[in-house]
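Reader: I am new to reading protein models and would like some help. Could we look at one together?

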Amino acid sequence: MPARPEVRTRVRVPLRFGDGFATTADVFTFRHLADHREHLLLGLGDWEGALARAADGGEPPLVRPHSECLTGDVLGSQRCDCGPQLREAAERISGAGGFLLYLRQEGRGIGLYAKLDAYALQDQGLDTYAANRALGRGEDERDYRAAAQMLRVVGATRIRLLSNNPDKAAQLESLGIEVAERVPTGVHLSAANAFYLATKRDHTLHTLDLDQASA
C-alpha cells in the first residue's frame, strides 16, 4: 500500500516581488506525493484562520494551483500571463488567507524544452494547443492529484479556487476537493500574448474577458 502523503518540511520565507510587493510565506514540502515531484505549498496571509473559518462553515481559504513557468515567472516572458498571475495570486491570497501551490509541471506538463519547441511551432502559425499536438504531446498533460494531496494534508478540503481554468476545478472536484467558488484572476493582456489568451478562452473555455481588458 502506498505511503500516505505527509509534510516533510515547513519553513517561513519572506517574499519580495520585482514591483516591491512583499509578503511572508509558510512554505511546505511533502513526502509521498503521487507524482514524486518537488511541489511546494505556500501558506499566505492568515491561512490558519481561513482553515478555522472554513471548519466552522465560513468562507474557505483562497487557493491557486500555479504551474511552474520559468520563462514567465522568472524571465518575465510576455508570451504568456504566468508571471503576472503569480504576482497577483501572492497579493490576493495574502489578503484573504489561503494557499499558493507551486506545481512543477512546466509547459502544461510537457517540460521546458518541449515548451520552447512548441513556441517555435507557434512562430510558424500554430496555436498553443496545436503546437503541443504537433509534438506528439497532449494539449494539457497536467495532473492535479499531487495538488489535491497537498491540500488534504494541510486540511484544505473546501476551497475558493483562484483560476480561470475550468479543468482545474473539475480535476480537484473529482479528487475530493470541494470548490465552493471559482474566482477568476485578472486579465494580463499584452501584444505578445493576445492570441495565446484568446485561444485559451475559445478552446478550453477559460474565463477571460479580453474585450474589457483591451478597452
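What follows is a set of questions and answers about this model.

Reader: What kind of model is this, and how are residues numbered?

Author: Happy to start there: this is a predicted model, in which local features need pLDDT of at least 70 and side-chain atom pairs count only at pLDDT 80 or more, while totals for chains, interfaces and linings use all residues. Side-chain values use heavy atoms, leaving out hydrogens and water, and residues are numbered from 1 along each chain as its sequence is written.

Reader: Which element gives the most residues to the largest nonpolar core?

Author: A nonpolar core is a set of buried Ala, Val, Leu, Ile, Met, Phe, Trp, Tyr and Cys residues joined through side-chain atoms within 4.5 Å. Buried means under 20% relative accessible area, exposed over 50%, and partly exposed in between, using a 1.4 Å probe and protein chains only. The largest core has 24 residues, and Leu41, Phe99, Leu101, Leu151, Ile159 and Leu172 touch the most other members. Elements that give two or more residues to this core are β2 (22-31), α1 (47-55), β5 (98-103), α6 (145-154), β6 (158-162) and α7 (166-174), and the one that gives the most, with six residues, is α6.

Reader: How were those helices and strands picked out, and how many residues of α6 are buried?

Author: Helices (H or I, at least four residues) and strands (E, at least two) are DSSP runs, numbered from the N terminus. In α6, the buried residues are Ala146, Ala147, Ala148, Gln149, Met150, Leu151 and Val154. Just after this helix, glycine 155 takes a positive phi of about 90°. Out of the 10 residues in α6, the buried number is seven.

Reader: How far does helix α3 reach from its first C-alpha to its last?

Author: Helix α3 covers residues 82-96, which is 15 residues. The expected span of a helix is 1.5 Å times one less than its number of residues. That gives an expected 21 Å here, and the model comes close to it, with a reach of 21 Å.

Reader: What covers the buried residues of α3?

Author: The buried residues of this helix include Cys82, Leu86, Ala89 and Ile93. Leu86 and Ile93 also belong to another core, of 12 residues, which lies apart from the largest one. The cover over the buried residues of α3 includes β2, β3 (40-44), β4 (62-67), α2 (70-74), β5 and β6.

Reader: Arginine 160 has a charged name to my ear; is the residue buried or exposed?

Author: Arginine 160 has its place in strand β6. Contact means heavy atoms within 4.5 Å. Leaving aside neighbours within four places in sequence, arginine 160 is in contact with Glu59, Pro60, Pro61, Leu62, Val63, Ala96, Glu181 and Val183. Because its relative accessibility is 13%, arginine 160 counts as buried.

Reader: Why does leucine 75 count as exposed?

Author: Leucine 75 is found in the loop between α2 and α3. Together with Leu70 and Val74, this leucine makes a nonpolar surface patch of about 300 Å². Leucine 75 counts as exposed because its relative accessibility is 61%.

Reader: What is the phi of histidine 36?

Author: Most residues other than glycine have a negative phi. Two histidines in the loop between β2 and β3 are worth a look: histidine 32 and histidine 36. Histidine 32 is partly exposed at 37% relative accessibility, with a positive phi near 65°. Histidine 36 is exposed, with a relative accessible area of 68%, and has a positive phi near 60°.

Reader: Which residue does arginine 10 meet in a salt bridge?

Author: A salt bridge is a side-chain nitrogen of Lys or Arg within 4 Å of a carboxyl oxygen of Asp or Glu, and the structure holds 18 of them. Arginine 10 is in strand β1 (residues 6-16), and its partner is in strand β2, 16 residues apart. Arginine 10 is partly exposed at 45% relative accessibility, while the partner is buried at 5%. With 3.9 Å from N to O, that partner is aspartate 26.

Reader: Which residue forms a salt bridge with glutamate 68?

Author: Glutamate 68 lies in the loop between β4 and α2, and its partner lies 36 residues apart, in the loop between β5 and α4 (112-122). Glutamate 68 counts as buried at 17% relative accessibility, whereas the partner is partly exposed at 33%. The closest N and O atoms are 3.0 Å apart, and the partner is arginine 104.

Conventions. Patches are made of residues with over 30% relative accessible area and no salt bridge: like charges are joined within 9 Å, nonpolar side chains (Val, Leu, Ile, Met, Phe, Trp, Tyr) within 5 Å. Accessible areas come from the Shrake-Rupley method with a 1.4 Å probe; for residues, only the protein chains shown count as cover.
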